[in-house]
Structure formats: structure tokens, C-alpha cells
Amino acid sequence: MAITGKERVTVPYLFQLKERGEKITVLTAYDFPTARILDESGIDIILVGDSLGMAVLGYETTLPVTMEAMIHHTQAVTRARRRALVIGDMPFLSFHLSLSDSIFNAGRFIKEAGADAVKLEGASPRRLELVEALVETEIPVMGHIGLTPQSIRKMGGFKVQGTVEEKAEEIYNGALALEKAGAFAVVLESVPEELAAEITRSLKIPTIGIGAGPDCDGQVLVVNDMLGLSTGYMPKFVKKYANLSEIISKAVNEYIADVHQGQFPDEEHSYHLKKEVAGPLLEKLKEKSGRIDE
Ligand code: KIV
């Protein structure tokens, strides 16, 4: 059954989309106005990614992002959401200590921030154990393998993963293991499209690609990148659908010029006292100030 109007996107609905061969659309968002626009535009999933750190908070990596920041921004997104499934991204060190701490942190996304699911990076045996525990706690989990930005120190940079046989097989096995552990979807980041296509064919759960070619069940991009709000290095997989930096810069320059030239605010953007109030009131205020006009 297709989702219409105000119905919410759910995990079972995503499985239906995969079964029907219909693509799943995902974008990140970190604030109320952006989330509202994405939701009203009909995006299926809004991911409150820990890319927050780089896209919005000005860090060079995602590593400094805290649970508090993620909860704060996820709350803003869920306040705006009507239809889309909202996923909160577990930040570095929020799911690496004890199992109970990790379940507690994942639960905060659901309980305090109103998210529908969480995403976490990696497919190591401990990660898989955590995915099982979260699913058992009724928290839907999206996996994330390939280039996992929280492992950037180990990987030596934002590099394409799975280009050699052994690594490609490791990623393939990780995807299968995440499905077995109960993940409802898996993000494949920066991997060769042939590998992503084979993983997509092998899994019952949807794959969501970012730099993983066209055969994944869905696609995700960082919203600030695709709208042209990000500066600096841009990976090859980013397609810029707008240049908002240019649009904002033009508007701000016009505003500065208008204010400097006294053209803003004009009549249209100003309030007035009624004539019968203005005369006596201004006289009274002038007297009160003791001002004597020349
Ligand atoms: O943090 C993020 O935005 C992500 C996506 C790029 C998948 O993990």
C-alpha cells in the first residue's frame, strides 16, 4: 500500500519499497526549517547525521560530536517532521563503552528526541552484538559500513573502501551480518558500485548508498553539500542541486547596501502611530526628555 498524504513512513513501508523496486530517498537535516522543507517535499527518511559536526558545527571530522548535540538537533528535526522516518546517528563514543550505556544512549534518541530509529557505524562482532541488543530493546537500527567517518584515524582519511578483494569481501560479509543481527537497512558509503550492487541483490533489507553507485535501494546525501552550503573539499559523489551560498551571499550584500543607503526599512516595512496619537504623544515625550529642538 502506498503512503499517501499524512501517513508516516515506517520500517515495514521501507521493506515494501525494496520489494517493489521503488527507490528510497534520504537526506540529512539538523534543524527545524530544513527538516520541514524536506518533509513537505516528500523525502522518505531524514537522517540527523553526526555529519552535523562538519556540516553545521565547523569541525574537521565527526569525532567531537556529542550525544547532547545530537539529541538537541534531533529534537528540532522531529518537531518539524510530519511524514518522514527520522533516524538519529549515534556519535563517536556513544556506543563503544558498555552494552548498557550504548542501549541507554540509543534509547535517548527515541525517548527524548522522538526519533524512529538509530544508525551506528561498523560491523565488528561487538557492534553486531549491540545491534541485536537494540533490536531486542525494540529500537530499529540502520547499519553503516564501507567508509565509516568515525574510523577516519584508522582508515587514514576519507578514502574509497573495498577496492581490493579482501576488503570488498569484508564489507560484503559485514552487510550480511548486520542483516542477520536485525538491522532494518544499511548505509554503504564510498564503495565501488559493483560491490554495492551485489550487496543490494544479496540482502532482503534495503541498502542506502552514498558514493556507492545507482543500484542501491536508496540514496542519501548530506543536505548542506547538495544545496551548495558546504565549503572546502567535496567528495566526487556529491551532486550540487543548488548554490545556496551564492543566493545567501547575494541577499546579504543587498541588505548591507540597502541599510547603508537608507533604503531599508522603507514605508512597506515600517509601523506608524495614528495621527491623533502621534501629535500629543511626541510633544509629551519631547517635554519629558527636556530636549529643545533648534
Ligand atoms: O552523518 C551522516 O550524515 C551520515 C551519512 C552521510 C550517511 O552518516
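This dialogue explains how to read the ligand site, the domains and two backbone features of a predicted model.

Student: What should be known before reading the model?

Tutor: The model is predicted, so local features need pLDDT of at least 70 and side-chain atom pairs count only at pLDDT 80 or more, while totals for chains, interfaces and linings use all residues. Residues are numbered from 1 along each chain as its sequence is written, and side-chain values use heavy atoms, with hydrogens and water left out.

Student: Which residues are around the ligand?

Tutor: A residue is near a molecule if one of its heavy atoms lies within 4 Å of it. Here the residues are Thr 28, Leu 47, Gly 49, Asp 50, Ser 51, Asp 89, Lys 119, His 144, Val 187, Ile 210 and Val 222.

Student: Which polar side-chain atom lies 3.0 Å from an oxygen atom of the ligand?

Tutor: A polar contact with a ligand is a pair of N or O atoms within 3.5 Å. One such atom belongs to Lys 119, at 3.0 Å from a ligand oxygen. For Asp 50, a side-chain N or O atom is 3.0 Å from an oxygen atom of the ligand; for Asp 89, the value is 3.2 Å.

Student: How much of the ligand's accessible area does the protein cover?

Tutor: Accessible areas come from the Shrake-Rupley method with a 1.4 Å probe. The ligand has 260 Å² on its own, and the protein covers 95% of this area.

Student: How is the protein divided into domains?

Tutor: Domain bounds come from an automatic or database domain assignment. Domain 1 spans 11–243 and domain 2 spans 248–289. Their centres, taken over C-alpha atoms, are 48 Å apart.

Student: Where is the cis peptide bond?

Tutor: The bond joins Phe 264 and Pro 265, with omega about 0°. Helices (H or I, at least four residues) and strands (E, at least two) are DSSP runs, numbered from the N terminus. Pro 265 lies in the loop between α11 (244–260) and α12 (275–289).

Student: What is the phi of Leu 93?

Tutor: Leu 93 has a positive phi of about 75°, although this residue is not a glycine. Leu 93 belongs to the loop between β3 (85–89) and α5 (99–111).

Note on methods. A polar contact is a pair of N or O atoms within 3.5 Å; within protein, one must be able to donate a hydrogen and the other to accept it, and residues adjacent in sequence count only if both atoms are side-chain atoms.
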